[in-house]
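These are my comments on the model, set out as numbered points for discussion. Please read them alongside the coordinates.

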Amino acid sequence: MNTKKMNTNKINLNEMTLEETDRVSAQSQTKQEPPSQTHDRTDELELRPFGRSNPEYEEVYRLYYDAFPDSERKPMEMILQSVQEGTMEAYSAFDQNEFAGLIFLVKGEQADILDYLAVNPNLRDRGIGSRLLSWLKDHRSKPFIIEIESTFTASDPMPARRKAFYLRNGMIECDQEILLFGVEMELLSYPVPVTYDQYYNVLSSYLDAFPQIDYHDCLAALQPRKDLSKENQ
């Protein structure tokens with residue numbers, strides 16, 4: 001398993017899913033939807049703890065495997081094991097009883113990491129990505145962290161657009177840039193900035209639960225790259 005490729009690409013795809021959801025939602029607001037298809041985007045989504053026994057298991061499974069290529073996915077068995085052991089949380093989302101998306105989080109003592117977020121492509125006109133973030137902001141008792149590709153070193157505008165999406169949805173810049181699998185990344189969080197040490201502790205504690213998998217290269221790559229707040233002073 002190429003863990004470097006898997007995790008770096010996974011983060012990019014999560015952000016792209018959110019960016020595409022936001023873009024499609026903005027475009028849909030310029031159209032007049034038929035009354036039978038309108039949805040109140042302020043309505044809160046229903047999120048259900050996800051496990052193998054859920055009736056929607058196959059829908060979540062298909063969305064997860066369709067949304068993320070092989071190199072970017074953890075095995076579903078690894079996620080289910082982590083949920084059972086309490087090191088991850090997994091949710092299936094519903095909008096008016098329709099399966100809308102999924103959220104998988106890595107749990108830590110001081111903060112959590114939003115590991116996967118995917119939206120049902122059939123419901124992309126409902127702003128599900130933004131609403132999932134709203135649900136997280138309203139229901140998490142600890143800060144949660146998102147890793148994004150650095151906007152300071154990118155050669156294309158997409159990372160800046162992804163970052164703008166998150167900031168519009170209330171995420172906060174942590175003023176921390178890290179080197180993750182050889183790629184420079186920034187940390188965003190909610191509702192308060194998190195330190196690099198908090199982020200590192202969450203990720204390393206989770207990976208330590210899988211001694212049969214060699215993640216040493218991953219952990220060695222996690223090191224503070226820049227303190228952006230000091231550079232901007």
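1. Asp175 is partly exposed in this predicted model, because its relative accessible area of 30% falls between the limits of under 20% for buried and over 50% for exposed. The residue belongs to strand E6, which covers residues 172-180, and although Asp175 is not a glycine, its phi is positive, at about 55 degrees. Most residues other than glycine have a negative phi, and I would therefore list this backbone angle explicitly in any description of the strand that holds Asp175.

2. Gln96 likewise calls for a remark on its backbone, since phi is near 50 degrees, a positive value in a residue other than glycine. Gln96 is placed in the loop that runs between strand E2 (88-95) and strand E3 (98-106). With a relative accessible area of 46%, Gln96 counts as partly exposed.

3. Where does the cis peptide bond from Tyr190 to Pro191 lie with respect to the elements around Pro191? Pro191 is in the loop between strand E7 (183-190) and H6, and the bond that joins Tyr190 to Pro191 has omega near 5 degrees. As a general matter, most peptide bonds are trans.

4. Helix H6, residues 196-207, passes a simple check of its length: at 1.5 Å a residue its 12 residues should span 16 Å, and the C-alpha atoms at its ends are 16 Å apart, which agrees. The buried residues of H6 are Tyr196, Tyr199, Val202, Leu203, Ser204, Tyr206 and Leu207. An α-helix has 3.6 residues a turn, so residues three or four places apart point the same way.

5. The surroundings of Arg140 deserve a careful look. Arg140 sits in the loop between helix H4 (128-139) and strand E5 (144-149), and it is classed as buried because its relative accessible area is 16%, under the limit of 20%. Its side chain makes polar contacts with two acidic side chains, that of Glu89 at 2.7 Å and that of Asp112 at 2.6 Å. Leaving out residues up to four places away in sequence, Arg140 touches Glu89, Tyr91, Leu105 and Asp112.

6. Which residues does Asp112 contact, apart from its neighbours within four places in sequence? They are Leu105, Val106, Lys107, Arg140, Lys142, Pro143, Phe144 and Ile145. Asp112 lies in strand E4, residues 112-119, and at a relative accessible area of 1% it is buried. Besides the polar contact with the side chain of Arg140, a polar atom of the Asp112 side chain lies 3.0 Å from the backbone nitrogen of Gly108.

7. Two packed helices are described by the angle between their axes and the distance between the axes. For helix H2 (residues 57-67) and helix H3 (residues 76-85), the axes come within 12 Å and cross at roughly 125 degrees, and H2 and H3 are therefore oblique to each other. The contact is formed by Tyr57, Tyr61, Tyr64 and Tyr65 on the side of H2, and by Met76, Ile79 and Leu80 on the side of H3. By residue class, the contact of H2 with H3 comprises 7 nonpolar residues, with no polar and no charged ones.

8. Phe68 is located in the loop between H2 and H3. Is Phe68 buried or exposed? Its relative accessibility is 0%, so Phe68 counts as buried. The C-alpha atoms of Phe68 and Ala118 are separated by 8.7 Å, although the two residues are 50 residues apart along the chain.

9. Phe152 is found in the loop between E5 and helix H5 (158-168), and with a relative accessible area of 46% it is partly exposed. Phe152 and Glu184 lie 32 residues apart in sequence, while their C-alpha atoms are 8.8 Å apart in space.

10. Finally, some totals for the protein as a whole. The model contains 8 helices and 8 strands, and buried residues make up 52% of its 233 residues. Among the contacts with a separation of 6 or more, 66% are between residues 24 or more positions apart.

Technical notes: Residues numbered from 1 in each chain as written. Predicted model: local features only at pLDDT ≥ 70, side-chain atom pairs only at ≥ 80, totals over all residues. Heavy atoms only, no water. Helix = DSSP H or I, 4+ residues; strand = E, 2+ residues; numbered from the N terminus. Buried < 20%, exposed > 50% of the residue type's maximum accessible area, 1.4 Å probe, protein only. Polar contact = N/O pair within 3.5 Å; in protein donor to acceptor, adjacent residues only side chain to side chain. Contact = heavy atoms within 4.5 Å. Axes fitted to C-alpha atoms, helices over the stretch in contact; angles between N-to-C directions. Parallel < 35°, antiparallel > 145°, perpendicular 65-115°, else oblique. Nonpolar A, V, L, I, M, F, W, Y, C, P; charged D, E, K, R; others polar. Expected span 1.5 Å × (residues − 1).
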